[in-house]
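Q: Hey, could you walk me through this one? I'd like to start with the overall make-up and then poke at some details.

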Amino acid sequence: MTEPGAAIDTPIVFNCALDRPGFTLDAAFTVGPGLTALFGPSGCGKSTIVRLIAGLERPRSGQILLRGQTVADVANGIFVPPHRRRVSVVFQDAHLFPHLTVERNLVYGRDLVPMDQHFASHDDVISVLGIDHLRTRYPATLSGGERQRVAIGRAILAAPRLLVMDEPLSSLDTLRKLEILPFIETVRDRFNVPILYVTHAIAEVVRLASRVVRLENGRVTGTGLPAEMLGHGAGRAGLSRFALTSLLTGRIARYDEAYAITVIDHPAGEIIVPGRVVPGLAGVVRMAVPAASVTLATGHVIGRVIGHVMEHRAGASSGPSTKPSRDMEARISIQTRLNGEIAAIERDLDGPFARVAVTLAGGETLQASLTRRAIDALSLRPGDQVCALVKAVAIDESGVSGHAGV
Amino acid sequence: MLQFTAEEWVAIRLSLQVAAVATVASLPLAILAAWLLARGRFRGRTLLDALVHLPLVLPPVVTGYALLILFGRKGPVGAFFEANFGLVFSFRWTGAALACAVMGFPLMVRAIRLAIEGIDRRLEEAASTLGASPWWVFVTVTLPLALPGLIAGAVLCFAKALGEFGATITFVSNIPGETQTIPSAIYSYTQTPGGDAGAVRLAIVAVLISLAALIVSELLARRAVRGQHYGAA
């Protein structure tokens with residue numbers, strides 16, 4: 001499989017300003033090949049950017065280059081209308097044509113593009129999205145997930161030069177999200193089309209994106225790899241403590257069918273993920289760990305509370321080796337226990353919270369959100385050895401690459 | 001009881017013909033006006049809106065008189081049509097159709113406009129991002145989705161045309177076999193001693209035709225709506 005979109009011009013060079021009552025968008029970024037996430041809280045201007053790129057809105061100033069072609073340039077009076085841009089948009093609510101069958105919806109855009117421009121065959125798209133059995137039905141009879149799959153197929157068959165997905169999952173419930181995500185992964189890997197994926201869900205960024213453009217209040221506040229954009233510095237950039245997230249990568253050790261969990265091997269210890277995870281192309285699994293669900297335990301506490309775990313773990317000798325007392329029978333339910341060293345502690349000036357960056361064995365960084373009080377109670381300092389406890393149920397399986405649903 | 005005279009049959013046939021021609025001929029113009037009023041952002045939109053609705057509030061006699069002045073053989077528009085297309089309106093059934101079309105126009109535009117305004121614009125936007133030109137979006141998305149409104153508007157216009165009296169009689173008079181429709185025939189009967197039976201016969205016919213039109217439109221609209229429930233789609 002070739003690198004998606006490796007041999008084409010930069011899909012999008014965006015630099016536009018637009019005014020709306022009580023809101024100003026002034027953003028500049030580029031979108032490369034593969035899947036780029038446009039990430040930010042709701043109301044930050046993501047959808048406005050989508051409309052500008054699709055040609056549904058005119059900028060106040062600035063320009064947009066689409067694969068090297070200027071499609072909007074206010075200074076030079078250039079504005080290419082939507083139907084000549086070939087930017088297919090998958091909207092939040094599929095927007096299928098209610099008076100046409102699924103099949104007629106699918107071919108609506110295909111028939112408007114010259115044959116030699118097509119890059120995905122009708123049969124391919126239908127089999128990748130698993131919608132063959134829906135073709136004679138009307139949109140009103142489809143479930144939300146089915147509609148969204150048809151909308152994705154319709155967008156790809158229109159042979160777009162850029163595929164935009166505007167919060168395609170946000171109107172679906174968790175089960176439906178898990179149903180669609182594998183299809184989006186396949187579309188990303190199978191068809192040679194750059195994708196701009198708009199979302200406010202960290203899990204989707206983690207699972208799908210190779211690059212992230214972070215947007216807040218109509219401005220771009222960062223561009224880079226998902227791990228950089230979601231982790232370090234995210235707290236300072238105004239994201240809430242619930243949004244602070246770390247990315248960990250590991251390999252699948254086994255699927256425990258009896259408990260319906262997947263065990264992931266990580267250099268710092270085993271990570272338990274709910275549900276079944278199918279290994280991706282390289283066998284590597286990427287998952288998001290919310291900082292608010294990470295508990296830190298120091299050597300002393302480990303010795304008393306989870307000492308028996310430390311004994312089972314080869315090479316773990318940080319706990320005291322005194323004979324078990326009655327306290328050692330106290331046990332903790334968290335199964336994911338990762339060894340690491342505190343790299344940095346960042347405290348609120350007078351607020352309640354602090355953020356601790358832990359360098360795990362193997363080199364990855366795990367963020368933990370704690371109260372300042374907890375930091376002082378444990379006298380945590382950079383350089384301390386800690387055990388990071390992660391509740392498996394706090395890991396959003398929709399954000400685990402290759403997750404096949406439950 | 002329903003034994004019609006030859007003259008009555010002519011009036012019935014003429015009524016249907018006038019109403020059908022009035023409806024079909026004004027439909028394209030009504031769609032255009034409805035689309036401009038629903039989607040257009042231009043100067044003079046309010047004026048267009050007022051003009052379209054004027055026949056609804058004017059006394060029909062005034063509308064008929066205005067038509068006589070404009071579309072009569074010596075009128076500016078009437079002379080133009082006669083010179084260029086050989087089409088004469090005054091005291092012909094074509095004039096009756098024109099009067100009916102003008103009177104039914106606001107009702108038709110109103111129904112179609114409401115239908116177009118009810119269409120989710122995001123469907124039209126989705127079509128345009130898939131490569132459809134504005135005209136193609138209109139033909140493949142807007143019009144089919146507005147079809148129930150189109151049918152409703154056409155039926156309203158047809159029914160209005162069947163009942164039109166004031167403007168028609170002012171513009172093209174009441175000539176049996178040429179411009180005498182059911183309403184003007186009923187009017188003639190009521191002006192004639194012993195004409196009651198004829199008036200009742202024609203009144204029954206008017207009721208039956210109107211009922212049939214409503215039922216047919218309901219069936220058509222139901223078929224048009226099938227498979228295109230909006231809901232969460």
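What follows is a short chat about the chains, a sheet, two helices and one residue.

Q: First off, what kind of model is this?
A: This is a predicted model.

Q: Okay, how many helices and strands are there in chain A?
A: Chain A has 10 helices and 20 strands.

Q: And how much of chain A is buried?
A: Buried residues account for 44% of its 406 residues.

Q: What share of the contacts in chain A join residues at least 24 apart?
A: That share is 69%, counted among contacts between residues at least 6 apart in sequence.

Q: Switching to the interface: how many residues of chain A are in contact with chain B?
A: On the chain A side there are 23 residues, in contact with 19 residues of chain B. Strand β7 (residues 87–90) of chain A gives the largest share of the chain A side, three residues.

Q: How do the residues on that side of chain A divide into nonpolar, polar and charged?
A: You get 16 nonpolar, five polar and two charged.

Q: Cool. What's the strand order in the open sheet of five strands?
A: In chain A the order runs β16-β20-β17-β18-β19, with antiparallel pairing.

Q: Which strands stand at the edges?
A: Those are β16 (294–298) and β19 (365–371) of chain A. Each has a single partner strand, so one side of each has no neighbour in the sheet.

Q: What does the twist average from one strand to the next?
A: The average is 45°.

Q: Which residues stand opposite each other along that sheet?
A: Let me take a few pairings. β16(A) and β20(A) share five antiparallel bridges, and T295(A) sits opposite L389(A) of β20(A). On β17 (residues 336–347) of chain A, six bridges connect to β20(A), again antiparallel, with L338(A) opposite A388(A). Then β18 (residues 353–360) of chain A is joined to β19(A) by seven antiparallel bridges, and F353(A) faces T371(A) there.

Q: How many residues of β20(A) are buried?
A: Five of its six residues are, so β20(A) is largely enclosed by the rest of the structure.

Q: What comes after β20(A)?
A: A392(A) is found in the segment after that strand, which covers 385–390 of chain A.

Q: Why does A392(A) count as partly exposed?
A: It has 19 C-beta neighbours inside 10 Å, and a residue needs 20 or more to be buried.

Q: Which residues does A392(A) touch?
A: Leaving out residues up to four places away in sequence, A392(A) touches I261(A), I272(A), V273(A), P274(A), Q335(A) and T336(A). The C-alpha atoms of A392(A) and V273(A) are separated by 5.6 Å, although these two residues are 119 residues apart along the chain.

Q: On to helices. Why is α1 of chain A described as largely enclosed?
A: Helix α1 (residues 46–54) of chain A has seven of its nine residues buried, so the rest of the structure largely encloses it. The buried ones are K46(A), T48(A), I49(A), V50(A), L52(A), I53(A) and A54(A).

Q: What phi does G55(A) take just after α1(A)?
A: G55(A) takes a positive phi of about 90°.

Q: Last one: how far apart are the end C-alpha atoms of α7 in chain B?
A: Helix α7 (residues 134–163) of chain B has 30 residues, yet its end C-alpha atoms are only 38 Å apart. A straight helix would reach 44 Å at 1.5 Å a residue.

Q: Where does α7(B) bend?
A: The bend is at L147(B), by about 55°. A proline, P148(B), follows within four residues.

How values were computed: Residues numbered from 1 in each chain as written. Chains lettered and ligands numbered in written order. Predicted model: local features only at pLDDT ≥ 70, side-chain atom pairs only at ≥ 80, totals over all residues. Contact = placed C-beta atoms within 7 Å. Helix = DSSP H or I, 4+ residues; strand = E, 2+ residues; numbered from the N terminus. Nonpolar A, V, L, I, M, F, W, Y, C, P; charged D, E, K, R; others polar. Pairing = 2+ DSSP bridges. Axes fitted to C-alpha atoms, helices over the stretch in contact; angles between N-to-C directions. Buried ≥ 20, exposed ≤ 12 C-beta atoms within 10 Å, placed from the backbone. Expected span 1.5 Å × (residues − 1). Bend = angle between axes of the 7 residues up to and from the residue.
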